[in-house]
Amino acid sequence: MCSSAPEMIGALDGPADLRALLLRFGWPIVADAPVVATMAKGGRKVLLHPLVVPDGRCPIGVVLLESDGELNASLAHDLVRTLDDVLALQSGGTPWQPHDLVVFCTAGWRAFQIMHVTGGQPRVGAIASFGWSGPDDPLREPLCRHHLARLKITPGAMRQPARWRAACREAFDSQGLAAACAAALRRVLDAAEQGARGVPDEVRRSVAEALVVRLLLLRFAAAAGRLPEEAVDLAGALRRHGAHLWRDWLVPLCALLVDTPSAGMQPRMGLRGVGTVPGALDVQVSEIAVEVFEEWLNGLPGRWPAALPALPPGDQAVAFTPDLLGDAYELLVLERKARGVYYTHTPDVSLMCAESLRAYLERCCPDVAATQIIRLVHTPVAEASEWRRDGTAQALTAALRDVTIYDPALGAGAFVVAMLRLLGTVHERLGNADSAAFRRSAVAHQLYGCDIDHFAVQVARLRVWCELLATDAAPAPLPCLERQLFTGDALVPRAGHDIAGTLVSPHDDCWLHRDNRPQRQPIAPEQPGFDIVIGNPPYLRQERLAGASGIDKQELRRMYRHLTGVEIAGQADLYVYFFLRGLLLAREHGLICYVTPNSWLDASYGAGLRSTLVEHGTLRTVIESRAACWFAQAEINTVITLFERGRGPDSDHMFVACAHPLVEYDRVALAQWIARGESSASLRVTRVAPGRLRRDGQPWGGMLLRAPDVYRRVIDGAQARLAPLSSMAQIWRGVTTGANEFFFLYADGPGDGEMVQCYTVDGTEACIERRYLWPAVLNTRECEWHVMTPDRAAWRLFACDDARAALAGTGALRYIEWGEERGYQRRATCAPRARWWSVRARHHTPIWWPIAHHDRDLVLLNDGVTPSDNFFAVMPREGVPPLLLLGLLLSSWVTLQREIVGRVGFGGGLLKTQGPDVRRLALPFPAALAPGIAAAISEATQALLPLAPLRIQSAWDCAPRRALDEAVAAALGMPGEAAAIAEAAAALVGERVRRKE
């Protein structure tokens, strides 16, 4: 953006000036465009100015809405919904097309709003910024310098809606601001750590984190009018108090804001609940730390808005706010992947909170219609006036005051803050006037959270306090949160209600340390627990439990076997234990709402969890979106699970598959579909009656969430003809070496003579006897044909079973000794072998099945090549022709199954199939096929072999592949379904690949 753009903003007088500003960004603005509609709404006049007019070449419209009154987020949403209908009547069509749209709103040419309409649905909008109110507004600078300047509207991009949507998402994504804030925050913490004096080295980082949180609290308090600006003058305080800034200035000011903690919870640094840090009270703060902090504050994108308007789900602010601080903290977790920490998007948090509260209110207030409760928790404030006249408001208000909520993976407090906002909003919608007092009471008695990261807990406390500062004008002290939001390992504390029903506040004194013997707690305890357990537990593969988190896997398994009686497989991810912990913490008919990877629905290690959930309650909703990864930093496909403990035996389990990202759905409509168990064009709801959900370890996700209708028709109609692949072939993993970089070598040409010149993956040269080298394939990228022959294999497998003495003087021994210098013999897979270098070539297996799949139909016929452990070797049993079996595996019917039973989240949009997935592929048994059908399958397969593997999305256009699919459909006894099977397989592959892109 040009340097003069911010100055222009303060002098805008009409559409012409706005066009001039946008031209500075390179936008193709329409000159002198007429007003296309005028609408009176509530005595308000609204004018529409098209800035970019859609036409045949440019399908995207951009309009300016000019209002003569005050603007807010609710009005912007309301205008888009209403004008969509009004303009169709007044002008014969809306100014926008069914693609994404940016709407500029202005009041008196001083206050602006920007709406990004998502998903091709004009009625579903996301406010990228709630605008600025004038040249001095703190939101103006980040919006104009950061967001608008990043949005490039080129004619080429606008002719392609997908590119336009991507550009809008990127430009209005607050993560860009969060990343800049995180980088600066890291510098501040480093400087504060170096500048802290008077404390032991091991707590200096904790002191630095506490210092930053306290300073931010003071700044937000001043912005909210709770402290005078001069009182939080950090530089002036440093001049007055010198190095003793902490003791003489920071502690007294924090004491004015935060209430004294309860008896027995006196903080160790006298900071009255702002967060305890071990160490002496007399922390000295260096001048350099103060200077770096001030520099950070002065460079923040925007200043300190005291109160931000409530934004509907999916909206995001762009100034420096407590929410942005939470995002910045999350980006600071450099060990995120090692710790399994991935943070939930705001729309998903909002949906989870609302659906959990809806389920709770339905249980507490059974006389209130479900549709009313849905509108209460999901509808914008402006449309909730009905509750001020409704007689059920009192019962609902009482239920709100009783609910207890716990997040065992608190992080930076996203769920606790979202729940606080939702409770306050619903309380106001019900016509209650004491909303500020209600929020204070909820924070003190109803909302709890725990995290192993102390800094995360401090940020969460800060966000809660700032929420109270923004919504409570009373000068009452902020509540101490030592008992509510606390540091610890959520998998082992006691938290809940005692026998008398009194809530036991979870804090440091309640921990069950791992060196103690926990008492057996049955999953159905006598005492009540929390009403809602909600969160985003860490995702940590079992291989990394001990190294990354200090958790001993076997100890964790023993503990939960002792606590719950449930046997969890050793391969289980960490989040599985959080499900069991939730069962212990939730009261009877309590709710557990987690967002987790979807692997527990299908993986063998999830079998115990699946059986436990079915035994102890009802899956009210399992929601999966097939359109997008929910975590930008993690290539993980996730599901939202809402589980009710102890729900009645007549309650159905509900599985919901969404074709679009959740933010693109109208929230009220989505909740009503789920509540009624009804499907729509973009959402499929599968109800499973009690007793019919499998408890035998069979997977759920493929059949109940991802399987299209044609798959179910085939399974139901051809069940008598189908048998698992394991009944017609032996299946084992390819060669597992334990050190592929040693055992797989690149041969530079076939060579001649006894010795072969080879190279390792890092370019090291080796000269090895030909008898120890076998043609091999390392991964699928090398597979350009359906038939693998030695001349097409670029790699050689070093396969030597000779003893060291027999290898004297050989190139093979010299290569082994080279490997030993690099420690390959100590690898976990190599060390147990009698000869660590001994692996066997498996060049005789006729069919290979790749473990990883992208968008090609790649099943290989082998002719003398050894596969690596990136493949499964398939050996047909006696009487099963290899060519016929290969044809079945190449068909769209198997591709469709592969997409349903496979697992995603491995990077690049890949899907993986493991041994159990491959063995249970359902195929028509070859020996039972009619001769004509078997011949047709073999002939079509033979015609495919000379071709390169086909892209699945276009496979039906290939005549041999189409003939193969038709023959396989006939073998299934459903010849009319061939095209539908191919179409469904292509659609699932396309969804998977696009989700990553």
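# A tour from strand β21 to the helix pair α9 and α10

Start at A729: its bridge partner in β32 is P876. Keep in mind that this is a predicted model.

**The sheet.** Now select all of β21 and β32, residues 871-876. The two strands run antiparallel to each other, and five bridges join them. Helix α29, residues 882-890, packs on the sheet. Show its contacts: α29 touches β21, β28 (847-850), β30 (860-862) and β32. Compare directions as well, since α29 makes about 15° with β28.

Next, bring up the whole sheet. Five strands build it, in the order β21-β32-β28-β30-β26. The sheet is open and its pairing is mixed. Which strands stand at the edges? They are β21 (729-733) and β26 (787-788). Each has a single partner strand, so one side of each lacks a neighbour in the sheet.

**The aromatic rings.** Switch on the side chains of Phe, Tyr and Trp. Ring pairing, with centres within 6.5 Å, gives a count of 21 aromatic pairs. Zoom in on W836 and W837. Their ring centres lie 6.2 Å apart and their planes stand at 85°, so this pair is edge-to-face; the cut-off for that label is over 60 degrees.

Are these two tryptophans buried or exposed? W836 is buried, at a relative accessible area of 6%. W837 is buried too, at 5%. Both values fall under the 20% limit for that term.

Widen the selection to F742, F743, F798, Y815, W818 and Y824, together with W836 and W837. Ring pairs link these residues into a cluster.

**A stop at Y759.** Select strand β23, residues 755-759; Y759 is part of this strand. Y759 is partly exposed, with a relative accessible area of 25%. Add A747 to the view. Twelve residues separate A747 and Y759 in sequence, and their C-alpha atoms are 6.5 Å apart in space.

**The helix pair.** Move to helix α9 (residues 234-241) and helix α10 (residues 245-257). They pack at an angle of about 135°, with axes 9 Å apart. How are α9 and α10 oriented to each other? They are oblique: the angle is neither over 145 degrees, as roughly antiparallel would need, nor within the 65 to 115 of roughly perpendicular. The crossing of α9 past α10 is right-handed.

Finish with the side of each helix that makes the contact. From α9, pick L234, A237, L238, R240 and H241. From α10, pick L245, D248 and W249.

Definitions and conventions
Residues are numbered from 1 along each chain as its sequence is written. This is a predicted model: local features need pLDDT of at least 70, side-chain atom pairs count only at pLDDT 80 or more; totals for chains, interfaces and linings use all residues. Side-chain values use heavy atoms; hydrogens and water are left out. Rings of Phe, Tyr and Trp (its six-membered ring) pair if their centres lie within 6.5 Å; planes under 30 degrees apart count as stacked, over 60 as edge-to-face and the rest as tilted. Buried means under 20% relative accessible area, exposed over 50%, partly exposed in between (1.4 Å probe, protein chains only). Helices (H or I, at least four residues) and strands (E, at least two) are DSSP runs, numbered from the N terminus. Two strands pair if DSSP finds at least two bridges between them. Contact means heavy atoms within 4.5 Å. Axes are lines fitted to C-alpha atoms, for helices over the stretch in contact, and angles run from 0 to 180 degrees between N-to-C directions. Angles under 35 degrees count as roughly parallel, over 145 as roughly antiparallel, 65 to 115 as roughly perpendicular and the rest as oblique. A crossing is left-handed if the near helix is turned anticlockwise from the far one by less than a right angle, and right-handed if clockwise.
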